[in-house]
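The following exercises are to be worked with the sequence and the coordinates at hand. Each task is followed by a solution in steps.

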Amino acid sequence: MAGSRDEVDVLVIGAGASGAAFTWSLAKDGFDVLCLEQGGWMDPSAYTTTHDDWELHRQTDFSPDPNVRGLDVDYPVNNQDSPIAPLMYNAVGGSTIHWSAHFPRFHPSDFRVRTLDGVADDWPINYEQLEPFFDLNDSIMGVSGITGDPAYPPKSPRQTPPIPFGKVGDTMAAGFEKLGWHWWPSDSAIISAPFDGRGACNNCGPCDIGCTRRAKASTDINYWPKAIAAGAKLEISARVREITLNPDGTARGAIFYDADGNVQEQRAKNVVLGCNGIGTPRLLLNSASAMHPDGLSNSSGLVGKNLMFHPYSIVSGIFDEDMESYAGPNGCSIISQEFYETDPSRGFVRGYAFQIARGAGPVTTAQGGMGAGPIPWGGNHRASFDRLFGRNAVIAVIGEDLPELHNQVTIDPELTDSDGIPAPKVTYTMSDNSIKLMAHGMARGEEVMTAAGAIDVQINPLLRRGGWHLLGTARMGNDPANSVVDSLGRSHDVKNLFIIDGSVFVTAGAVNPTPTIQAVALHIADQFKQNS
Amino acid sequence: MAQFFSDEQTTLTASILNRIVPSDGDFPAAGDLGVGEFLDGVVAGSAELKRSFTTGLMAVSMAAASQHSATFDALAPDAQDAILRDVESSQQEFFSELVRQTYNGYYMNTRVIEALGLEARPPQPKGFPLEVGNLDLIEQVKARGIKYRQV
């Protein structure tokens, strides 16, 4: 029998990017909020960037792929029917623990793709509505960068100056200038100067294995301490199995496994899901009942559908000089949005961005980094390594994939997590438009690499371990037949159930989604407060 | 003292690793450097790897015996490489793990890192100096005008 606890006003499930922002917003205005998180607290001082075997951890217990980590706090994801493996981290802070903190916003056009390009759907909210929440979020996360980017409407001042370019950024910027293409110093959620009690980045490189200096924003070090100080409650090692309902069809709370493995029920007046684009549909589908036989809040049939990842192609350039490319935040230097907006003459709609990434440490370089595979063994090995190490720059081509019903999250019939909760399966293929778009991006990537002076360019057409962005699987819209939640994040079917993570995205844009995920979560929080 | 490899396997592994990453100037060959010990530790920690390495190493020994009536370590480098290429295609899982772990052990070794001209230390707490870069160039980007689509 489930243990029962006092009812709370608002129960948030998931303490990642969206859950932290939402909880903070409510707690600071006096709301009674409890968040349940299946993972635990990370200790920044224990991250392995101070260990001699630091590079091995991204292959094992700090892999971005939960199937490789296989920790008890993770859940497995069947990714056999997808060329892109979903990546995530489970802890207070969620995937901001292991992200690279590249922090570009969506553009105004991203919210109007049906009107502008006749594909997918428009969002029920727009850039203008989100703008104050983008700015608010930046002020908590801490963003380095510089205003004036002509690819965006004007932004508020960045919290700290841009991340240093290093030779990689300088060289690539010169390449873009040679072609007259847009580029700009990346907005990065990594502070380049002390901010809010956090230390400045010292350009150590591997943001993906955790930041000991707390220079990289993760919500466990910024939003959560503020939310808890304001009175929010956060319970760790609490893994939710299903959402329960009252006889009147409203959400009653959640059943979860507590830290001791005991089943508990937490009752709440409102239930809010921030479990990412895979965890949220998984939970809704696992919450099927007599009233909701196809899964909770699924009268539209769209829970789990329209999964979008952003396909990544990797264009690696090798230069004839030492660029010290292992130094500097590995995902952040400069961006280009020359090919972001639709140009019908290209033969596809929507577009892509270039994210200039840096090289890697010696072990990861030998393993091929984000390229197609390890460098050769044998007589040519050492020469191959020396040609590459410290001398490479990387263009990550990030493309907008459109929502398609056949790309989806379902419940795997056999796979479960360590508590026996059924695990998700992803099914994904790239559409003709995405394939054309990525081919265009690879060709332009090669062009700018060559303009920058690369002596050799190698291309990995599709990065398998590149499913960082989990979007679209419970989308927002005004029509209950065609969406799962409304413009306030409220379920069309269950009036006290809200979704605040990347699941609600109608389209994916062609930029890393976290600033937009958090702005949407803050917008939903703001509306929730106004309507309470 | 090896954790998993027998004496024969230890000798064989060192010879194999010397061909995966051969010596080159200041860089020692992987087997001579002792990467076999690292590999032994990795294999000892996984039942799956124990199985695949036992089979894979046996395949190398048997190829040397059947093709050359000799032990692998007694063969010339070219003959060793030919055998390894055969095993690479016949025992793919073993071989890709062998290469991966050899690179892991080799490129986190202090001697190798110093031969690369780097300080043998983890990225933190020291970090790296990094040039701020030529921010003046952004004026040219601005001068090319608004780049986003008006809605």
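**Exercise 1. Determine which residues of α1(B) meet α3(B), and describe how the two helices cross.**

Solution. Step 1: in this predicted model, T10(B), T13(B), A14(B) and L17(B) of α1(B) meet V35(B), G36(B) and L39(B) of α3(B).
Step 2: sorted by class, this contact holds four nonpolar and three polar residues, with no charged residue.
Step 3: a helix has 3.6 residues a turn, so residues three or four places apart point the same way.
Step 4: the axes of α1(B), residues 7-20, and α3(B), residues 35-44, come within 9 Å and cross at roughly 120°.
Step 5: the crossing of α1(B) past α3(B) is right-handed.

**Exercise 2. Classify the packing of α3(B) and α6(B), and list the residues that make the contact.**

Solution. Step 1: α6(B) covers residues 92-107, and its axis is 9 Å from that of α3(B), at an angle of about 125°.
Step 2: angles of 65 to 115 degrees count as roughly perpendicular and those over 145 as roughly antiparallel, so α3(B) and α6(B) are oblique to each other.
Step 3: the two helices cross in a right-handed sense.
Step 4: α3(B) contributes V35(B), F38(B), L39(B) and V42(B), while α6(B) contributes Q101(B), T102(B), G105(B) and Y106(B).
Step 5: these residues divide into five nonpolar, three polar and no charged.
Step 6: comparison with Exercise 1 shows that V35(B) and L39(B) meet α1(B) and also take part in the contact with α6(B).

**Exercise 3. State how α1(A) is oriented relative to α12(A), and give the composition of their contact.**

Solution. Step 1: the axes of α1(A), residues 17-28, and α12(A), residues 514-531, come within 8 Å and cross at roughly 30°.
Step 2: angles under 35 degrees count as roughly parallel, which makes α1(A) roughly parallel to α12(A).
Step 3: α1(A) passes α12(A) in a right-handed crossing.
Step 4: on the side of α1(A), the contact is made by A17(A), S18(A), A21(A), F22(A), S25(A) and L26(A). The residues from α12(A) include I517(A), A521(A), L522(A) and A525(A).
Step 5: by class, the contact of α1(A) with α12(A) has nine nonpolar, four polar and two charged residues.

**Exercise 4. Assess the span of α11(A), and identify what its buried residues pack against.**

Solution. Step 1: α11(A) runs over residues 432-451, which is 20 residues, and reaches 29 Å from its first C-alpha to its last. This is close to the 28 Å expected at 1.5 Å a residue.
Step 2: its buried residues are S434(A), L437(A), M438(A), G441(A), M442(A), R444(A), G445(A), V448(A) and M449(A).
Step 3: these buried residues pack against the helix α6 (166-179) and the strands β10 (312-318), β12 (352-357), β13 (392-399) and β16 (456-460) of chain A.
Step 4: α11(A) is followed by G453(A), which has a positive phi near 110°.

**Exercise 5. Describe the side of chain A that touches chain B.**

Solution. Step 1: the contact takes 51 residues from chain A and 38 residues from chain B.
Step 2: on the side of chain A, the elements that give two or more residues are α2 (54-57), α6, α9 (362-366) and α10 (381-388).
Step 3: α6(A) gives the most, with six residues.
Step 4: by class, this side has 22 nonpolar, 20 polar and nine charged residues.

**Exercise 6. Locate two asparagines of chain A with positive phi and a cis peptide bond of chain B.**

Solution. Step 1: most residues other than glycine have a negative phi, and most peptide bonds are trans.
Step 2: N276(A) has a positive phi near 80°; N276(A) is found in helix α8, residues 276-286, and is buried, with 28 other C-beta atoms within 10 Å.
Step 3: N306(A) has a positive phi of about 65°. N306(A) lies in the loop between α8 and β10 of chain A and is buried, with 30 other C-beta atoms within 10 Å.
Step 4: the peptide bond from Q124(B) to P125(B) is cis, with omega near 10°, and P125(B) is found in the loop between α7 (110-115) and α8 (138-143) of chain B.

Terms used. Residues numbered from 1 in each chain as written. Chains lettered and ligands numbered in written order. Predicted model: local features only at pLDDT ≥ 70, side-chain atom pairs only at ≥ 80, totals over all residues. Helix = DSSP H or I, 4+ residues; strand = E, 2+ residues; numbered from the N terminus. Expected span 1.5 Å × (residues − 1). Buried ≥ 20, exposed ≤ 12 C-beta atoms within 10 Å, placed from the backbone. Contact = placed C-beta atoms within 7 Å. Nonpolar A, V, L, I, M, F, W, Y, C, P; charged D, E, K, R; others polar. Axes fitted to C-alpha atoms, helices over the stretch in contact; angles between N-to-C directions. Left-handed = near helix turned anticlockwise from the far one by under 90°.
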